[in-house]
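These are my notebook entries on a single protein chain. I set down what I looked up, entry by entry.

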Amino acid sequence: MANQKNRDYTLQAFDIEHEDINSNCSDLYSVLCQRLNRDTTANDRRMALSSSSNEEDVLTDFNISETGVFGVLLRISPTDQVAMIPDSLFNEKTVRLENRPDSTEQTVTVLQTAYFFVGKKFIISTLPPSQAKRLQVYFNFLLSFDGEERFYNFAPTIVVPDGIRLNEMREFIIGDNCQIPTSATNGGGTGTGMKIINIAAELVKSLTSITPEIDELIKQKILNARLLITFSKPRKMTEEDYKKFLSAHIKPIADSEDIKIKLKNQKTLKGKDVLLTKKVSVERLDAIRVNERDLLYEMKTFCRELEQ
């Protein structure tokens with residue numbers, strides 16, 4: 001009988017977009033159902049991250065309903081650590097963490113567990129905005145089948161605080177500790193990219209040869225940097241399209257705490273103030289597992305709130 005403390009999650013809402021940012025419709029739910037109904041084993045859904053790494057992303061378990069698809073996305077690797085799964089279980093259609101290996105069976109290690117719910121208009125996930133690219137890469141891999149390549153974008157859903165209009169958001173000020181994904185992390189890995197201050201330092205070094213002490217200046221916090229991005233809503237652009245535009249530009253930023261949004265009246269908001277999230281508490285079954293039915297209920301509830 002479960003007697004563990006609950007586990008807290010911050011659910012993040014993502015808009016489902018086609019490559020064309022102006023498209024309002026998405027067939028992601030129907031295509032995902034089609035793919036999952038045709039798969040015979042979990043092995044069909046294993047995506048290797050690179051030829052030089054043993055790590056993989058795999059959709060191990062799922063539940064399809066009329067309102068959406070709930071899924072468990074694992075990052076796995078054939079290493080000898082905790083939270084192991086017998087490799088042979090990937091020959092089944094779904095894989096569950098309660099299955100325990102015997103000492104002679106080849107296993108894979110669970111490096112990270114993420115959950116998602118794909119609705120008709122939104123994706124709800126336990127992954128933060130900085131890992132939207134990871135979901136995007138995996139779904140585009142999974143749903144490009146039968147000779148047809150499909151491409152979807154996932155962007156954090158924007159909420160406008162009460163009393164503020166979208167066209168009042170004029171500038172994004174990105175602090176020096178904020179991290180921008182590099183080419184090494186764009187594939188959805190767990191790395192965080194380069195800090196703004198380090199990017200600025202490399203730029204200064206490339207422009208002059210008289211600043212060999214620049215690294216020491218950064219270390220002593222004498223030198224800092226900010227990235228300023230300005231926006232202006234065109235008169236003919238709708239509020240909804242402008243919201244999509246802003247969310248697409250928030251997506252690559254790994255640390256929303258270090259983003260400030262300056263308004264027309266010179267007041268500022270934090271990046272987290274405009275990201276649509278919901279904090280939930282879910283029953284924990286043991287050190288590894290949570291009550292997935294409990295989590296699914298919370299995700300469906302959040303999705304219904306968004307669609308109303």
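The entries below run from the whole chain to one strand, one loop residue and the cysteines.

**Entry 1: the chain as a whole.** I noted at the outset that this is a predicted model. I then took stock of the secondary structure and found 6 helices and 15 strands in the protein chain. Of its 308 residues, 43% are buried. I also looked at the accessible surface, which comes to about 16,600 Å², with carbon and sulfur atoms supplying 48% of that area. For contacts at a separation of 6 or more, I recorded that 69% are between residues 24 or more positions apart.

**Entry 2: strand S6.** I turned next to strand S6, residues 107-118, and asked how many of its 12 residues are buried. The number is 9, so I describe S6 as largely enclosed by the rest of the structure. I then looked up its pairing with two other strands. With strand S4 (residues 69-77), S6 pairs in the antiparallel sense, and I counted 9 bridges. In that pairing, Val 69 has Val 118 of S6 as its bridge partner. With strand S7 (residues 122-125), S6 again pairs in the antiparallel sense, here over 3 bridges. Phe 117 is the residue I found opposite Ile 124 of S7. The connection from S6 to S7 is a hairpin of 3 residues.

**Entry 3: Asp 39.** Where does Asp 39 lie? I placed it in the loop between helix H1 (28-38) and strand S2 (46-48). I then checked whether Asp 39 is buried or exposed. Its relative accessibility is 3%, and because the cut-off for buried is under 20%, Asp 39 counts as buried. Setting aside neighbours within four places in sequence, I listed Asp 44, Arg 45 and Lys 93 as the residues in contact with Asp 39. The side chains of Asp 39 and Arg 45 are joined by a polar contact of 3.4 Å. For Lys 93, I noted a sequence separation of 54 residues from Asp 39 and a C-alpha to C-alpha distance of 7.2 Å.

**Entry 4: cysteines.** I looked for disulfides and asked how many the model holds. The count is 0. For reference, a disulfide is a covalent bond between the sulfur atoms of two cysteines. I then looked up the accessibility of two cysteines. Cys 33 has a relative accessibility of 12% and so counts as buried. Cys 303 is likewise buried, with a relative accessible area of 3%.

Methods
Residues are numbered from 1 along each chain as its sequence is written. This is a predicted model: local features need pLDDT of at least 70, side-chain atom pairs count only at pLDDT 80 or more; totals for chains, interfaces and linings use all residues. Side-chain values use heavy atoms; hydrogens and water are left out. Helices (H or I, at least four residues) and strands (E, at least two) are DSSP runs, numbered from the N terminus. Buried means under 20% relative accessible area, exposed over 50%, partly exposed in between (1.4 Å probe, protein chains only). Contact means heavy atoms within 4.5 Å. A polar contact is a pair of N or O atoms within 3.5 Å; within protein, one must be able to donate a hydrogen and the other to accept it, and residues adjacent in sequence count only if both atoms are side-chain atoms. A disulfide is a pair of cysteine sulfur atoms within 2.5 Å. Two strands pair if DSSP finds at least two bridges between them. Accessible areas come from the Shrake-Rupley method with a 1.4 Å probe; for residues, only the protein chains shown count as cover.
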